[in-house]
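Let's take a friendly walk through a protein model. Have the sequence and the 3D view open while you read.

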Amino acid sequence: MEKKYLNMIFDIASLLASYIVGVYLRILPTFTYGIHLTADDPLIHYWVTKYLLENGRLPTYNALAWHPWSYDPEKVLPDLHYYISAYLYKMVAAIHSIDLYTFVVLMPAFFSPLVVIPLYFLVKELWGRWAALVTSMGVVTSWAYISRTTAGFFRHEQIAIPFLTASFYLTVKSIREKDLWKSVVLSGFSGLFLAISAGTWAGFRQLYDVYPLVLFIFMLFKKAELRDVISLGLPPVYVLLASISLPSLSSRSVVVSVESTLVWAVLAASVVYIIFQKYKKEVDVRIPAAIGFLAVLLFFFLTGTYKPLTERLLRVVFPGVKLPPGNVVETVAEHAPGSTIGYFNFLLIPIAFGLSLMAWEMWKDKAHILILINAIVSLYFAESITRLPPLAAPFAGLGIGYITMRIAGLTESRAESAKRISKLLSKKGRPSRRRILSNLMLPSILIALLLIAPISVSAYLSYEASRTYPLGFEEGWEKVFSWLRNNTENGTVVVSWWDYGYWIQLGSSRVTLADGLTINSSQIREIAYAFSGNEEEMLDLMMRYNASYVVVDIPAEIDNLGLGGKWQAIFWIGRKFQYSPYRDTYDFYKYDLQKYFTIDQTTQRVYPTQKLLNTTLYKIALLPFANNSIYFKLAYLGNTTGLAHVVVAGIKE
């Protein structure tokens, strides 16, 4: 009984310690920048949540976005994200007075570390309490997870990943369960958590497809049982049922889609597989299962009833795919290739050792096979796109738990051996200290090199990165928002690059043509044509859309006349380049860049060519310094610490 209470105290203390450390690291940016959202997607998520609380329903029209067509937020954004956030806000506000803005800024810091709960219990059941504590601490302090779950980063990941981890924990538990009815119950709750994840983030697709993938592998090796079909097949069914009953559950329908093709095909194959198991002596059950699988695939592909992958999802699944010239996806920073080393840094040491050892020792165990495949898939996606390392963190982090378990076992074995040696030598009257230290040297070195050092260094790097994680807007933009609110009328249309659409909408309540949702590539391309072309093209765009002002961020868009800046994205989408600056870097610098910049070989300084200076983007950006524009005049200049920052240009009368 005493041991039971001690174990319970250890579990509670471990969970609290991991959670508190996770919260602290994520709340650090507010100490530096104050209570502010990051200047990107969290702005629109805050607006939708605010609308829901004020009106009791989600908005169906955003009057400030994608002029003149706008869009229906309820159909293109994950609904449950806002309902969960609004419900939690009401709960917190009932206990303690807090405004919604402050709540959504702090929510990621307090909600995302909840991942330690399912993660801890999963590792504890598999490999023990010490492994659970080390894994939880390693994952919750990793930059791979913190990077998109800090205070101010009010986005989907903070809610979805704890639910996804809970689904995974219950699925692993279901596979290991001896009683079939318990497997049904556990997989049902796993499906519920997966369906909730589907309503909060598109990243749910990893488990949505990994579950049937692993089930299909089990069938191929004739290892699938009814329990496996229930454990791995039922959760995706919950998502399908939820998507049918709530068509706007996910931002993109999953009932009939490429990613659901695998789900439907494996479900059909598993039903056939279970039916034919009665005749497994006469028939190889894999043959009818494979026929069922192929039949569904052929039906979807031949009838064309599925929805093909968007360029964005195609880029995630196949990172090396060559997208059409001028595509928008390549220019979005969130869709850039990932950096597993950069995000996981030193944690890759215990992760790699743990997963490799697990593959070597546990390749026949179904639960460990599921963990290995899911960890490998998650690391693949983390490398394919920069926004997915947080999704990989809890799953790849399970490698930390496995290596901890093996080191703990070795330590315990060596400690027992040292104890026996000590007793033996003490009877003989000989000193035993040196022998004991020698016996414990190897596990001590392993603990230091594979656990303490990597996790400590990783946590320190996360601390340094988190406390300088920028929140809010720079001074120049704040001044522009104030000027637009005070000097323009409601309904005024402002042209800017899509990155700043949310900023202008939420900062000044003015209408924009595009924003960070990037749902209309054609409209973004029109803006790119206008900025990368001559002034007549921008004037034509403004006349067609009844726009009054153009806004340009000097350092961000033209890099203060340097080679960098968003001008490359604008000109690529505007189809001014033959080669992609993101994929064909060498050819881009050799051929395309030479048209817009010359390099002084003596001083190595770069100078913009006249061709570049004649584009609308550069003429407007340089208005504060040279009034050489034919159609535009400087309406307002937003300064940051005395430097020209944001240009607001109007049309000359």
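## A hairpin to start with

Strands β6 (residues 632-640) and β7 pair in the antiparallel sense, with eight bridges between them. Keep in mind that this is a predicted model. The two strands make a hairpin, with two residues between them. Look for Thr641 in that turn: its phi is positive, at about 45 degrees.

Which residue stands opposite Val648 of β7? That's Tyr636. Val648 also shows up on the β3 side, where it is the bridge partner of Val551. Strand β3 (residues 549-553) runs antiparallel to β7 (residues 643-651), and five bridges join the two.

## The whole sheet

Now zoom out a bit. The hairpin strands belong to an open sheet of five strands, and the order is β2-β1-β3-β7-β6. What sits at the edges? Those are β2 (511-512) and β6, each of which pairs on one side only.

The pairing in this sheet is mixed. You've already met antiparallel pairs, such as β6 with β7. For a parallel one, go to strand β1 (residues 493-495), which pairs with β2 over two bridges. There, Val494 has Thr512 in β2 as its bridge partner.

While you're looking at strands, here is a handy rule: in a regular strand, side chains alternate between the two faces of the sheet.

## Leu25, tucked into a helix

Next, jump to the other end of the numbering and find Leu25 in helix α1 (residues 2-33). Is Leu25 buried or exposed? Its relative accessibility is 5%, so Leu25 counts as buried, the cut-off for that being under 20%.

Who are its contacts? Leaving aside residues up to four places away in sequence, Leu25 touches Thr141, Ile146, Ala459, Tyr463 and Ser466. To get a feel for distance, try Pro555 as well: Leu25 and Pro555 are 530 residues apart along the chain, and their C-alpha atoms are separated by 30 Å.

## A pocket among helices

How much space lies in the second largest pocket? About 350 Å³. Its lining is made of 16 residues, and those nearest the centre are Arg129, Trp130, Ala131, Ala408 and Glu412. Two or more lining residues come from each of α1, α7 (129-140), α20 (398-427) and α21 (433-467).

Helix α20 gives the largest share of that lining, with six residues. Sorted by class, the lining has ten nonpolar residues, four polar ones and two charged ones.

## Salt bridges

Side chains of opposite charge can pair when their charged atoms come close. How many salt bridges turn up in a search of the whole structure? The count is 22. One of them joins Arg406 and Glu361, whose closest N and O atoms are 3.0 Å apart. This pair links distant parts of the chain: Arg406 is in helix α20, Glu361 is in helix α17 (residues 348-361), and 45 residues separate the two. Arg406 is partly exposed, with a relative accessible area of 33%, and Glu361 is partly exposed too, with 31%.

Other pairs stay within one helix. Glu464 and Arg467 meet in a salt bridge of 3.1 Å, N to O. Both sit in helix α21, three residues apart, which is about one turn of the helix. Glu464 has a relative accessible area of 26% and is partly exposed, while Arg467, with 33%, is partly exposed as well.

Then there's Lys479 with Glu475, where the closest N and O atoms are 3.2 Å apart. Why are these two separated by about one helical turn? Because Lys479 and Glu475 are four residues apart in helix α22 (residues 475-487). Lys479 is partly exposed at 32% relative accessibility, and Glu475 is partly exposed with a relative accessible area of 36%.

Finally, which residues are linked in a network of salt bridges? Find Asp41, Arg148, Arg155 and Glu157 in the 3D view: these are the residues linked in that network.

Notes:
Residues are numbered from 1 along each chain as its sequence is written. This is a predicted model: local features need pLDDT of at least 70, side-chain atom pairs count only at pLDDT 80 or more; totals for chains, interfaces and linings use all residues. Side-chain values use heavy atoms; hydrogens and water are left out. Buried means under 20% relative accessible area, exposed over 50%, partly exposed in between (1.4 Å probe, protein chains only). Contact means heavy atoms within 4.5 Å. On a 1 Å grid over the protein atoms alone, a cavity is a set of points where a 1.4 Å probe fits but cannot get out, and a pocket is an open set with protein on both sides within 12 Å along at least five of seven lines; lining residues have an atom within 4 Å of a point. Grid points are joined across faces, edges and corners, and a volume is the space filled by probe spheres set on the points. Ala, Val, Leu, Ile, Met, Phe, Trp, Tyr, Cys and Pro count as nonpolar, Asp, Glu, Lys and Arg as charged, and the others, Gly among them, as polar. Two strands pair if DSSP finds at least two bridges between them. A salt bridge is a side-chain nitrogen of Lys or Arg within 4 Å of a carboxyl oxygen of Asp or Glu.
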